[in-house]
Amino acid sequence: MFAINSRSYLLPNVVMRMLFIRKISSSSSYITEFQSLLGNENVQTNDLDSFNQDWLKSHRGKSDIVLFPRNTNDVSNILGYCNQNNLKCVIQSGNTSLVCGATPWQNEIIISMKKLNKILSFDEITGVLHCESGCILQNLEEFVKQKQRLIPYDLGAKGSCMIGGNLATNAGGLRFIKFGPLHSNVLGLEIVMANGKILNLMNSMRKDNTGYHLRHLFIGSEGTLGIITKVSIICPMDYKFKKIFLVACENFNKLIELFQMVQEDFNENLSCFEMMDESSMNVVVENLRLPYPLSRSYPFYSLFELSANDELSLDQRFTKHYEKLVNKSIILDGTYANDSDSEKFHKLKSYRESISEGLRLDGCSYKYDVSLPLNVYYEVVNVMRKRLSSSLSSSNNVVRICGYGHMGDGNMHFNVTSKKFDQQILNQIEPFLYEFVAKNNGSISAEHGIGVKKRKFLHYSKSDEAIKLMQQMKQLFDPKSILNPHVLF
Ligand code: FAD
Ligand code: MLT
Ligand code: ZN
């Protein structure tokens, strides 16, 4: 009895040791291989915390290696080797994903795109920018601003997110209402396929009807079909003058009326229309220590931007518009800034842009980014608030329930925070929230993507047939599933 027990106890230990030795030797052999492919300085095997940790600090991966390709050929060599040796990878640009898309789920090899950061060319007449995919959004914005152009999207994460990450997630952000999705502005891409082959889809022409529009498959594919290495994007002319308005309303219906009136009066001048509720404003005031921007706290706010070339006429039109808003009791209070007063302009914008940072400081964020028709856009917050307050006790540590978002395009960011992660809170939100969204024909992800976090809820927004087709595409592009193997499916 004893002998059998001790053998069965010992055997797994021996096997474990052998497996351990195999893992070490195989991982050290691929590390050596990557070092010879990329040079030692482009292979990092220690101090990997910031690469393994997601932005929300909700998940920590266990990868022991980060690769820094310097150009398309490096990416091609890496994937060629990984595909041959069945090594799984996760692609990381700015690592600002809010759905754990860019951090290893297990111990995948991290491919960091930060060294592919060159601006390749800019056409002053057409506004077409060619760049590598690891360019930081803010750097691109600053570059094209000197040419009186702008990047047709704008995110709070612009200081760290990269254009390749933006395309892979089909990021939305603040200018969506004016310029639409990235699909309408991206003219071409260069992709490295899972087997290492380079697919050149670079293009500078706006019109091209020569068969399937392959580039669109990669926009929003969250790194599951290939690695974006180069981008060609059209940068529209910037307006000479911009004004940002922060106004307060008594209730959500007044915000809808405001949205309608601003569209009627300013149409092509409207470049963003955002909303936030009182609780969202409070998180910025409390956690980031900003003063209330208006004379006191209000139930709802809108932040909207108007742009024009003729400042005088914009001012005159706005004076009339403002009188109408006040006479009809649409707004209770408001302030504005011209972009010539850069400090005030960016300060006003930051009340909206820094909400996610403020929420992160509460502890744990349960973050949702759904699309909903305007008639139920804010109802989701009311419904969830009621549900959470009746089902959870005070011991559940809910700090805040709030709603803010890109109201101009129907994208609501419903968020709950607690001091620490609490499974009971999560169970009260999911799948109830997604059922609400599906019942109202919305989308469970308007912009952040599915990543790893929302995989099991994909069916609320996609039919079985559509998911099957997506899986077949994944099989065709990446048969060994080496690219972001835990993302999306
Ligand atoms: P990462 O987080 O590094 O990667 C995102 C996904 O794309 C991952 O799945 C990754 O594997 C894949 N990927 C990255 N690079 C490539 C590549 N070159 N080729 C193929 N796949 C790749 N999102 C919005 O849509 N709108 C917003 O307004 C917005 N605001 C934000 C504000 C803050 C403060 C934060 C933290 C995030 C915000 N996000 C927003 C979410 C996030 O910034 C976006 O998803 C952004 O586009 C990700 O870019 P990134 O460079 O950080 O990509
Ligand atoms: C935003 O619009 O602020 C971003 O999408 C980030 C978030 O949802 O918190
Ligand atoms: Zn957003």
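How far is an oxygen atom of ligand 2 from an N or O atom in the side chain of H406? I looked this up before anything else and found 3.0 Å, which I count as a polar contact, that is, a pair of N or O atoms within 3.5 Å, where within protein one must be able to donate a hydrogen and the other to accept it, and residues adjacent in sequence count only if both atoms are side-chain atoms.

**Conventions.** I am working with a predicted model, in which local features need pLDDT of at least 70 and side-chain atom pairs count only at pLDDT 80 or more, whereas totals for chains, interfaces and linings use all residues. Residues are numbered from 1 along each chain as its sequence is written, chains are lettered from A and ligands numbered from 1 in the order in which they are written, and side-chain values use heavy atoms, with hydrogens and water left out.

**Ligand 2.** I then looked at the other side chains in contact, and found an oxygen atom of ligand 2 at 2.6 Å from an N or O atom in the side chain of K367, and likewise one at 2.6 Å from such an atom of Y404. Taken alone, ligand 2 exposes 260 Å², of which the protein buries 86%; I note that these areas come from the Shrake-Rupley method with a 1.4 Å probe. I listed the surrounding residues (a heavy atom within 4 Å) as L98, R352, S356, K367, Y404, H406, H413, E447 and H448. By class, I have 2 nonpolar, 4 polar and 3 charged residues in this shell, with Ala, Val, Leu, Ile, Met, Phe, Trp, Tyr, Cys and Pro counted as nonpolar, Asp, Glu, Lys and Arg as charged, and the others, Gly among them, as polar.

**Zinc.** I next checked the zinc ion (ligand 3), which is coordinated by H406 (NE2), H413 (NE2) and E447 (OE) at 1.8 to 2.1 Å; donors here are N, O and S atoms within 2.8 Å of the metal (3.2 Å for Na, K and Ca), and the site may look incomplete because water is not among the atoms. In sequence, I read the spacing of the donor residues as H-x6-H-x33-E. The pair H406 and E447 links distant parts of the chain, 41 residues apart, with H406 in strand β15 (residues 398-406) and E447 in the loop between α15 (432-439) and α16 (464-477). Helices (H or I, at least four residues) and strands (E, at least two) are DSSP runs, numbered from the N terminus.

**Ligand 1.** I counted 35 residues around ligand 1, the closest being I91, S93, T96, M162 and N484. E447 appears here as well, with a polar side-chain atom 2.9 Å from a nitrogen atom of ligand 1, while N166 places a polar side-chain atom 2.9 Å from an oxygen atom of this ligand. Taken alone, ligand 1 exposes 970 Å², and the protein buries 97% of that. Its shell has 13 nonpolar, 20 polar and 2 charged residues, and α5 gives the most to it, with 5 residues.

**Backbone.** Lastly, I found that the peptide bond from E430 to P431 is cis, with omega near 5°, and that P431 is in the loop between α14 (423-429) and α15. I also noted C100, a residue other than glycine with a positive phi, near 60°, in the loop between β3 and β4 (109-112).
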